[in-house]
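Open the model in your viewer and keep the selection box at hand. The tour below goes stop by stop.

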Amino acid sequence: MRKDYFRDLWTFIAPGRALRPFDPDSVCASDSTGCFFCPGNENTTPPEIDRVAKNGSWQVRVFPNKFPITGGEDISENGWKTASSQGHHEVIVETPDHNQRLSQVTQDEMVLTLNAYRDRIKALETDANVGYVSVFKNQGREAGASLDHSHTQVLAVSQVPALIREKADHSHKGNCIYCKIAGSEAHSPRLVFENENFAAFCPFAPQFTHELWIVAKDHMRTLDELSEGAMADLASIMLKSLNAVEKLSPNYNMMVYYGPRGTDFHFHIEIVPRIPHQVKAGFEIGTDYAVITTPPEETAAFLRG
Ligand SMILES: [Zn+2]
Ligand SMILES: [Zn+2]
């Protein structure tokens, strides 16, 4: 990993990623014959790490990514700073059905996927060389997915990213901005859904048009601290949120945020629908400011349906 000359920004150089397969347009969602993630093709993935068995096959399957972002060389030059690119890059296939989206699984099946998120974070954190485990989903080509079969990626990296450190710095129990946000947004025009344990809302100042956050109402560091009831609530609000977001766009990014070892944190998830022609352009790149075209209050009203 190479560090920016002076900013706390890091870059993985991963030329192996360029070799990864893309489903050609002719082999789209309707055709599972050549799919690496479909049942029957398990021998085309690296050796399995975990599975949730079902009916002699599986419902959820975990294995290393064949084309990892981690593992590249770290060549230092001229005193510019580098850090270890070693880590773990895994895939969680959330459904055996090639044509099923994550928004279409049952609540019990969603719990199985969330359990897999929890278990992989826990397992990878036992590696002393792992600083942070990023769990994220790219749904659709416009969101960066290279294969159509629904899946989540798990990327364990050597450092705690600056973004996560900044979030953790504001998440001290008793003086936590997310506790305040969850309490406040549950009574704002930006609220979309809520249940006993979670609130889903459009943030006050979104970075992307139609952005949606799911925040735990109680202060908790990670998925491992969720009771069975809270996990069911999270699965329920995830399904509602994904279905609502898909009314805006079939393409989205979903990021799971938890507190790495030794930090306090407030667990939350962010979902960013990818809208065509809405890219970060010159002004946004040149200033780090965001420009969005729909007020979050209007998006929230639409998502509430
Ligand atoms: Zn498939
Ligand atoms: Zn909190």
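## Stop 1: the zinc ion (ligand 1)

Select Cys38: at 6% relative accessibility, it counts as buried. Buried means under 20% relative accessible area, exposed means over 50%, and partly exposed is in between, with a 1.4 Å probe and protein chains only. Add Cys35, which is buried too, with a relative accessible area of 10%.

Before going on, some ground rules. This is a predicted model, where local features need pLDDT of at least 70, side-chain atom pairs count only at pLDDT 80 or more, and totals for chains, interfaces and linings use all residues. Residues are numbered from 1 along each chain as its sequence is written, chains are lettered from A and ligands numbered from 1 in the order in which they are written, and side-chain values use heavy atoms, with hydrogens and water left out.

Now show the zinc ion (ligand 1). Which protein atoms are its donors? They are Cys35 (SG), Cys38 (SG), His98 (ND1) and His149 (ND1), lying 2.0 to 2.3 Å from the ion. Donors are N, O and S atoms within 2.8 Å of the metal (3.2 Å for Na, K and Ca); water is not among the atoms, so sites may look incomplete.

Check the geometry. The angles among the 4 donor atoms of the zinc ion (ligand 1) run from 105 to 117°, and the site is tetrahedral. Four donors count as tetrahedral if all angles lie between 85 and 135 degrees. Along the sequence, the donor residues of this ion are spaced C-x2-C-x59-H-x50-H.

## Stop 2: His151 and its strand

Select His151. UniProt, in an unreviewed entry, places the feature "active site" here. UniProt positions are given in the numbering used here, feature names are shortened, and annotations may be inferred rather than shown by experiment. Is His151 buried or exposed? His151 is buried, with a relative accessible area of 8%.

Colour strand β7 (residues 151–157), where His151 lies. Helices (H or I, at least four residues) and strands (E, at least two) are DSSP runs, numbered from the N terminus.

Next, add strand β6 (residues 132–139). Of its 8 residues, 7 are buried. β6 pairs with β7 in the antiparallel sense over 5 bridges. Two strands pair if DSSP finds at least two bridges between them. Find Tyr132, which stands opposite Val157 in β7. β6 also pairs with β13, again antiparallel and over 5 bridges. There, Phe136 stands opposite Met255 in β13.

## Stop 3: the zinc ion (ligand 2)

Move to the zinc ion (ligand 2). Cys176 (SG), Cys179 (SG), His219 (ND1) and His266 (ND1) coordinate it at 2.1 to 2.3 Å. Its 4 donor atoms make angles of 106 to 115°, and the site is tetrahedral. Its donors follow the spacing C-x2-C-x39-H-x46-H along the chain. Cys176 and His266 link distant parts of the chain, 90 residues apart: Cys176 is in strand β9 (residues 175–176), and His266 is in the loop between β13 (252–257) and β14 (268–273).

Compare how covered these residues are:

- Cys176 is buried, at 7% relative accessible area.
- His266 is buried, at 0%.
- Cys179 counts as partly exposed, at 30%.

## Stop 4: strands β10, β11 and β12

Select strand β11 (residues 198–201). In a regular strand the side chains alternate between the two faces of the sheet. Here Phe198 and Ala200 point one way, Ala199 and Phe201 point the other way, and all are buried.

Add strand β10 (residues 191–194). It is antiparallel to β11 and joined to it by 3 bridges. A hairpin connects β10 to β11 through 3 residues. Look for Phe193, which stands opposite Ala200 in β11.

On to strand β12 (residues 212–216), which runs antiparallel to β11, with 4 bridges joining them. Phe201 stands opposite Trp213 in β12.

## Stop 5: two helices

Select helix α1 (residues 107–125). Its 19 residues reach 27 Å from first C-alpha to last, close to the 27 Å expected at 1.5 Å a residue. The expected span is 1.5 Å times one less than the number of residues. Buried residues in α1 include Met110, Leu114 and Ile121.

Finish at helix α4 (residues 228–245). Its 18 residues should span 26 Å, and its end C-alpha atoms are 26 Å apart, which agrees. Among the buried residues of α4 are Met231, Leu234 and Ile237.

Note on methods:
Four donors count as tetrahedral if all angles lie between 85 and 135 degrees; four count as square planar and six as octahedral if opposite donors are over 155 degrees apart and all others between 65 and 115; anything else is irregular.
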